[in-house]
Amino acid sequence: MSKLLRAAYRIAWKDVVGDWRRRATLSSMLFFAIAVLVVFQVAFDPDRLEATRLLPGLLWVTILFTSLMGLGRVFQAEEEDGALEGLLLSAVPRGVLFLGKWSGNLLLTLLVELALLPLTLVLFNVDVWGQLPAIVGILLLGTLGLTGLGVLLAAMTQTARSRETLLALLLLPLTAPLLIAGVQALAALLQPGGEVEPWLRLLVIFDLVYLALAPWAFGWLVTE
Amino acid sequence: MIKWFSKWHGVVFVATLLTLLTGLWLVLSAPADYQQGDAVRILYIHVPAAKMSLLSYLFLTVASGMYLWRRQEPWDILAEASVSVGAAFTALTLASGSIWGKPMWGAWWAWDARLTSMLVLLILFMGLMALRNALEDPHKAARATAVLAIIGAVDLPIIHYSVVWWRTLHQPPSFAGPAKQTITGDLLPPLLVMSVAFILLGAWLLMVKSREVAARRAWETLETERLEQSHG
């Protein structure tokens, strides 16, 4: 068991460190996220009150679009020199390979979110600093399922023509429950008297379903 | 299977046509609704079409699961065909619902649970088609679309319930059983006949589409062989 976990950890580590050293995905995701924030500001020009109301949707839409950038590159390193075949030939179950790829992407996405969150609050002038830990918790819950489904879809579209468009076409409708629950949970948190708990439950259901299903589905996808 | 389809699709076509004509005659001769007027007749197309789009997805899920389990090509042919059939029924559901919604709700569209789920279903069918077209290797395409179909089957109920919790203004279902019967006796026969007609229509479309898919695949195999021979 610990051997398998170590294998997953090695795969995740190679992705995160490789990315950190090349400053590839991380920096482009972060700057893309900032660009989305600028687009929102210019498009809606919200005042303080509107900004508080818009914040949940704005955060989630930015995260969703930004995660698409990262997901487009999850299997990029594996495409060159038959690296994917190498991974598949190693004595590690397919589900563990998925776990490794997923946790690497999860870590990168979370890093971007941690940078994005204070930036958004500053740029949009929203004073919810007191609830920061709860907001981070909700983002974390949503990101678990988002990256789980996303990495699976990235594996599915990896060799497809115009794969990044296809990835967006597949991911956006399937994440509808996540978006609804994530936005509603944040909105309930920021409103006095809002009920957060039912939406958290929906987020947890989504996470559990995808994290249980995705390793199996990944196994079916890559078998020859 | 395809041979069986080739033999019987004509019979199914005639049965579909007869049932559909009978159904339409019943729909047009049924009394107009005292609240909805003649617009209620749209529902005799809308409701069966909606049932058929869900049934198509159910069929697609079964075919995809069987393909992943057994790896036999006929299951994949059925899966590919049911995606097209399902997309057609879903589009018909959304279009007929919109036409009915304009006079009844005063709007072509409302973001209610069932409408939103149906729209997501349509996008999912489109995504399944796009995925199959975008993958060169037919085996890979078969596997990827089968996995995506199953993911969608798991996701659709979650989508539905999350939108229900989010908001709902749609009418309660009309087929909810004798205790909650919300439709009068006069309107039931045309609805039942139309439902049977749509099931037959779905079966016929599936047969025809499967034949087309099988023929295209056979042609592609021949084409590859021809190219290999001319190079070799």
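These are my notebook entries on a predicted model with chains A and B.

**Entry 1: helix α2 of chain A**

I started with α2(A), which runs over residues 25-44. I wanted to know whether its length fits its residue count. At 1.5 Å a residue, its 20 residues should span 28 Å, and the end C-alpha atoms are 28 Å apart, so the two values agree.

Next I asked myself which residues of α2(A) are buried. My list reads T25(A), L26(A), M29(A), A33(A), V36(A), L37(A) and F40(A). They cover an arc of only 110° around the axis, so they sit on the same side of α2(A). I then turned to the face that points away from this buried side, and there I found the exposed residues F31(A), V39(A) and V42(A).

What covers the buried residues? I noted α1 (2-22), α3 (48-72) and α6 (94-123) of chain A among the elements that do. Just after the helix I also marked D45(A), which takes a positive phi of about 40°.

**Entry 2: R94 of chain A**

From the cover of α2(A) I moved on to α6 of chain A, where R94(A) has its place. Is this arginine buried or exposed, or in between? Its relative accessibility is 27%, so I put R94(A) down as partly exposed.

I looked up its partners too, leaving aside neighbours within four places in sequence. R94(A) is in contact with L88(A), F218(A), G219(A), V222(A) and T223(A). P215(A) also caught my eye: it is 121 residues from R94(A) along the chain, yet the two C-alpha atoms are separated by 7.1 Å.

**Entry 3: two loop residues with positive phi**

I kept two more residues of chain A for their backbone angles. N125(A) lies in the loop between α6 and α7 (132-157), and its phi is near 60°, a positive value in a residue other than glycine. With a relative accessible area of 45%, N125(A) counts as partly exposed.

S162(A) comes from the loop between α7 and α8 (163-174) of chain A. Here phi is near 40°, again positive in a residue that is not glycine. I noted a relative accessible area of 55% for S162(A), so this serine is exposed.

**Entry 4: the nonpolar core**

Then I went to the largest nonpolar core and read off 125 residues. Those with the most contacts inside it are I135(A), L153(A), M156(A), Y57(B) and I151(B). Helix α5 (residues 138-166) of chain B gives the most to this core, with 13 residues.

I picked out Y57(B) for a closer look, again skipping neighbours within four places in sequence. Its contacts are L121(B), L124(B), F125(B), L128(B), L148(B), A149(B), G152(B), A153(B) and L156(B).

**Entry 5: where chain B meets chain A**

My last stop was the interface. How many residues does each chain bring to the contact? I got 27 from chain B and 27 from chain A. The area buried between the chains is about 2500 Å², and carbon and sulfur atoms give 75% of it. On the side of chain B, R143(B), I151(B) and I158(B) lose the most area to chain A, together 20% of what that side buries. I151(B) was already in my notes, as one of the residues with the most contacts inside the core.

I also checked for charged pairs across this interface, and the rule finds one salt bridge. R161(A) forms a salt bridge with E136(B), with the closest N and O atoms 3.3 Å apart.

Terms used
Residues are numbered from 1 along each chain as its sequence is written. Chains are lettered from A and ligands numbered from 1 in the order in which they are written. This is a predicted model: local features need pLDDT of at least 70, side-chain atom pairs count only at pLDDT 80 or more; totals for chains, interfaces and linings use all residues. Side-chain values use heavy atoms; hydrogens and water are left out. Helices (H or I, at least four residues) and strands (E, at least two) are DSSP runs, numbered from the N terminus. The expected span of a helix is 1.5 Å times one less than its number of residues. Buried means under 20% relative accessible area, exposed over 50%, partly exposed in between (1.4 Å probe, protein chains only). The arc is that of the directions from the helix axis to the C-beta atoms. Contact means heavy atoms within 4.5 Å. A nonpolar core is a set of buried Ala, Val, Leu, Ile, Met, Phe, Trp, Tyr and Cys residues joined through side-chain atoms within 4.5 Å. Buried area is the accessible area (1.4 Å probe) that two parts lose on being put together, summed over both. A salt bridge is a side-chain nitrogen of Lys or Arg within 4 Å of a carboxyl oxygen of Asp or Glu.
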